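Reader: I am new to reading protein models. Could you take me through this one, question by question?

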Amino acid sequence: MQVSEGFGEKTASVKNLQGFDGKNPPDPKLIDSCVHCGFCLATCPSYRVIGKEMDSPRGRIYLIDAINEGEIALNTASVQHFDSCLGCLACVTACPSGVQYDKLISATRHQVERNYPRGLADRLVRQLIFSLFPNPDVLRILLVPLLVYQRLGFSKFLRATGLLKNISPRLAAMESILPEITLKSFQDNLPDVIPARGEKRYRVGVILGCVQRLFFSPVNEATVRVLTANGCEVVIPKSQGCCAALPEHQGQTEQAKALARQMIDSFANTGVDYVIINAAGCGHTLKEYGHILADDPEYREKAKEFAAKVRDAQEFLVTVGLTAKLSPLASKTLNLVYQDACHLLHGQKISVQPRQLLQQIPGVKLKEPLDAAICCGSAGVYNMLQPDVAEELGRQKVRNLLNTGADLIASPNPGCSLQIQKHLELQGKDVAIMHPMELLDYSIRGEKLEV
Ligand code: SF4
Ligand code: SF4
């Protein structure tokens, strides 16, 4: 395949192209494991929407190879195809040759952020995102002006008029997924240690997440109640910060490492058997700490030990088994559709466990949507950075979820929930979204849902 067109000249005559530096460039062995069969193309959301080879896994691997070989430059023309990747890892699941595209795109993204000078507007938006989202303390300070902004109707006005979209589609995309700020967002009242109910089976740590603790605190509270009801003593170190998912996925090497070290330190000496996380994207990164800190002699081993203890909440509960009694959630059959989050399904290979848990709730009937394995377009901050592709994927995802006729959507990731909520509203549908931990919590407490 000819890949040079539009990217730079082919090599022999061109020297000193800006390419990858010597610090962990994409591994040629991993690149060579791709046999270019194209089986991954149909599963790739960016290829589905954009329709160009260079926005597919195979195309990006060609591109990575060409940059590695010094045949193509790392420039605007080539970087746009890495930026258009959602990092959903559907291609990793689909590939019959076991190509580790996750490792390739991760190495590439860190290279891009080091070696490609982004334009001013791009840099400013990214800077805003990276200084806000991995900092729950900063986000919490912003809650007051955001609450005022929403209560005075500015949000409704901007969404209705599309004014912000004309000024900055990215800022408009950021605004469009802002959830309603409630008084719960200001509370941070989970104790440091919560005893198990009944006989103690495990001592587990719980990670609060950044977006989760501010905008989805009921999910964290539900998770703690479900764990304690099933014999877990829960430990929540308050020094924990961001898990590093966002900077890691976007190639912000030093920020990701610093956050990973802080998280490890927070759980040092807590004596927990497992570290539990209820957000798919965070769980995937937490399990990657050994890789993120592989070059750090002080933290390398600690990172591996920490990662070995990390469990997604649903993965954990299925493994240890529920001991709490479950009650029906409604007086009639409850049709539920479970929305697979990419970083659970493709990143952690967790798809059966959430379904097994939900099906243990009496009266639940599980529906399966079309294209369950295709990303909803949220993908961390992708929907803010690449709003057009994300919009189309969000539309498709919600249409497929609604077509199941389900009464309620179960979503195990805050980013997916925000994206789906936005598109439900845009399509004028009033279908509730809840985290599987909330559904289990309702069921354990014997509370009925209004559906
Ligand atoms: S990544 Fe895998 S599925 Fe895709 S083209 Fe390469 S070998 Fe084929
Ligand atoms: S990670 Fe997702 S968007 Fe990126 S190449 Fe693979 S399937 Fe496509």
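Reader: Outside its neighbours within four places in sequence, which residues is Ala229 in contact with?
Author: This model is predicted, so local features need pLDDT of at least 70, side-chain atom pairs count only at pLDDT 80 or more, and totals for chains, interfaces and linings use all residues. Residues are numbered from 1 along each chain as its sequence is written, while chains are lettered from A and ligands numbered from 1 in the order in which they are written. Contact means that two C-beta atoms, placed from the backbone, lie within 7 Å. With neighbours within four places left aside, Ala229 touches Arg197, Ala324 and Ile444.

Reader: Which helix holds Ala229?
Author: Helices (H or I, at least four residues) and strands (E, at least two) are DSSP runs, numbered from the N terminus. The run 217-229 includes Ala229, and that run is helix 13.

Reader: Is Ala229 buried, exposed or partly exposed?
Author: Count the other C-beta atoms, placed from the backbone, within 10 Å: 20 or more means buried, 12 or fewer means exposed, and in between means partly exposed. Ala229 has 19 of them, so the residue is partly exposed.

Reader: How far apart in space are Ala229 and Pro195?
Author: In sequence, 34 residues separate them. From C-alpha to C-alpha, Ala229 and Pro195 are apart by 9.6 Å.

Reader: In what order do the five strands of the open sheet lie?
Author: Two strands pair if DSSP finds at least two bridges between them. The sheet is open and its pairing is mixed. Strand 1 (193-194) and strand 5 (310-312) are the edges, each pairing on one side only. The strand order is 1-3-2-4-5.

Reader: How many bridges join strand 2 to strand 4?
Author: Strand 2 covers residues 202-206 and strand 4 covers residues 274-277. Val204 stands opposite Tyr274, and Gly205 has Val275 as its bridge partner. The two strands run parallel, and the bridges joining them number three.

Reader: In strand 3, what is the bridge partner of Arg203?
Author: Strand 3 (residues 232-235) pairs with strand 2 in the parallel sense, over four bridges. The partner of Arg203 there is Glu233.

Reader: How many residues does the largest nonpolar core have?
Author: A nonpolar core is a set of buried Ala, Val, Leu, Ile, Met, Phe, Trp, Tyr and Cys residues joined through C-beta atoms within 7 Å. Ile276 is among those with the most contacts inside the largest one. Beyond four places in sequence, the contacts of Ile276 include Val204, Leu227 and Phe316. The residue count of this core is 121.

Reader: Which residues of helix 19 are buried?
Author: Cover for the buried residues of this helix comes from elements including helix 13, strand 4 and helix 25 (436-445). After helix 19 comes Gly321, with a positive phi near 85°. In helix 19 (residues 313-320), the buried residues are Ala313, Gln314, Glu315, Phe316 and Leu317.

Reader: How many of the eight residues of helix 9 are buried?
Author: Helix 9 spans residues 154-161 and lies largely in the open, because its number of buried residues is zero.

Reader: Which residues come nearest to ligand 2?
Author: A residue is near a molecule if its C-beta atom, placed from the backbone, lies within 6 Å of it. By that rule, 14 residues are around ligand 2. Helix 2 (45-50), helix 3 (57-68) and helix 5 (90-94) each supply at least two of them. Nearest come Cys44, Pro57, Cys85, Cys88 and Cys91.

Reader: Which residues are closest to ligand 1?
Author: Here 15 residues form the surroundings. Helix 3 and helix 5 each give at least two residues to this shell. The closest are Cys34, Cys37, Cys40, Arg58 and Cys95.

Reader: What is the phi of Leu89 near?
Author: Most residues other than glycine have a negative phi. Leu89 lies in the loop between helix 4 (76-83) and helix 5. Leu89 counts as buried, with 23 C-beta neighbours inside 10 Å. Its phi is positive, near 70°.

Reader: How far apart are the C-alpha centres of domain 1 and domain 2?
Author: Domain bounds come from an automatic or database domain assignment. That assignment gives domain 1 as 16-115 and domain 2 as 120-185. The distance between their C-alpha centres is 31 Å.
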